Amino acid sequence: MDRQVNPWWAELPPAAGAAVMATAIISVGLHLTGHETLSRVWLVLAVALWLLLAGDFLVRLLSDRDRWSGEADTPPALTAVAATTVLGTRLSALGWETTAAALLALAAALWPVLLIAVVRHWQRRMPGVAFLVCVATQGLGVLAATLSLADGTGWLGWAALVAFVLGLVLYGEALVRFDFRQVRDGAGDQWIGGGALAISALTASKLSLSPLWTGAAHTALRTAALVLLGLNLTACAVLLGAEVYRPRPRYDIRRWSTVFPIGMTAAAALFTSAATGIGALHTLGEVVLWIAVAAWLLVLAGFGRSRAQLPFKTR
């Protein structure tokens, strides 16, 4: 009897998009701290993962519509939007504005389709993936604000502001549906609640750097960035305490959703430092960034071990 191994990417659920998010945001953080060579290594990995998952997304859409529709109704599907925007933000830093704008257009086209499908199937007592409605929306805000700052396009700045406000509303909606027992029992995606606050702080920081807003509006955005970052750090402290109290060392694909919030916290601290002039936040961002790198390597090792332990499939 022949033995056959199915491609591992064909078995990955939508939650695998968090691996792209985690890898891309670490690339952003390494760029911001001057580690350009390492940043580009992580960027290459992020692009390769994005292309792999995008190809699988299209294959399922064209050849397995029932499976695609079933997965599109679940919050992890929104990692497709979030991953695309985070990758676009990093590419913009390379000066690839056209590519970044194309990724923004793609993410913006996917966002309403997936968001509506997810919200229609919202329930009570949901896991941490519920907060992806905020993360995906704020991802659009971050990339739109980034492109607005790069070329001075005013309407993109306003679009980013709308995404920022809507993202905060969606965060509140997700919060009332979140099962807080997941803080103690979750397999990794409970950290998205903190990551959503971090990317919201990042959006506010980007917006505060725009010349579109001065005076009271600028002060409000700057204050919002600091408040959201403070809430993010508080949430991360609670989540870390829960991990220490009840360790969960086994690998789970949802652990990529732990790495992303840590990396996003680092990026938010670094950007907020630039927006507010508070140097201590830059130091904090650097420290958290290396924690994110270590977490990324640990989860990658866990993924490798999990694949090595899988038996061959027979035909």
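A salt bridge is a side-chain nitrogen of Lys or Arg within 4 Å of a carboxyl oxygen of Asp or Glu. I kept that in mind while going through this model, which is predicted.

**Entry 1: salt bridges**

I searched the whole structure and found nine salt bridges. I began with Glu-173 and Arg-177, whose side chains meet at 2.9 Å, N to O. Both residues sit in helix α7, which covers residues 154-177. They are four residues apart, about one turn of the helix. I then looked up their exposure. Glu-173 has a relative accessible area of 35%, so I noted it as partly exposed. Arg-177 is at 18%, so it counts as buried; the cut-off for buried is under 20%.

Next I took Glu-243 and Arg-248. Their side chains form a salt bridge at 3.7 Å, N to O. Glu-243 is buried, at 13% relative accessible area. Arg-248 is buried as well, at 16%.

The third pair I checked was Asp-252 with Arg-254, bridged at 2.8 Å, N to O. Asp-252 is buried, with 18% relative accessible area. Arg-254, at 35%, is partly exposed.

I also came across a network: salt bridges link Glu-36, Arg-40 and Arg-90.

**Entry 2: Thr-33**

Where does Thr-33 lie? I found it in the loop between α1 and α2 (36-63). Is Thr-33 buried or exposed? Its relative accessibility is 15%, so it counts as buried.

I followed its side chain to two backbone oxygens. The one of Gly-29 is reached at 3.0 Å. The one of Leu-30 is reached at 3.2 Å. I then set aside the neighbours within four places in sequence. Thr-33 is in contact with Leu-270, Glu-286 and Leu-289.

**Entry 3: cavities**

I looked for enclosed space and noted three cavities of 30 Å³ or more. The largest cavity holds about 70 Å³.

Which helices supply at least two residues each to its lining? I listed α1 (17-32), α4 (79-93), α6 (132-151), α9 (192-208) and α11 (256-276). The largest share, three residues, comes from α4.

I picked out some lining residues to view, including Ile-25, Val-28, Thr-85, Val-86, Thr-89, Met-264 and Phe-271. Gly-139, Val-142, Ile-199 and Leu-202 are also among the lining residues. I sorted the lining by class: eight residues are nonpolar and three are polar. No charged residue lines this cavity.

Terms used: Residues are numbered from 1 along each chain as its sequence is written. This is a predicted model: local features need pLDDT of at least 70, side-chain atom pairs count only at pLDDT 80 or more; totals for chains, interfaces and linings use all residues. Side-chain values use heavy atoms; hydrogens and water are left out. On a 1 Å grid over the protein atoms alone, a cavity is a set of points where a 1.4 Å probe fits but cannot get out, and a pocket is an open set with protein on both sides within 12 Å along at least five of seven lines; lining residues have an atom within 4 Å of a point. Grid points are joined across faces, edges and corners, and a volume is the space filled by probe spheres set on the points. Ala, Val, Leu, Ile, Met, Phe, Trp, Tyr, Cys and Pro count as nonpolar, Asp, Glu, Lys and Arg as charged, and the others, Gly among them, as polar. Buried means under 20% relative accessible area, exposed over 50%, partly exposed in between (1.4 Å probe, protein chains only). A polar contact is a pair of N or O atoms within 3.5 Å; within protein, one must be able to donate a hydrogen and the other to accept it, and residues adjacent in sequence count only if both atoms are side-chain atoms. Contact means heavy atoms within 4.5 Å.
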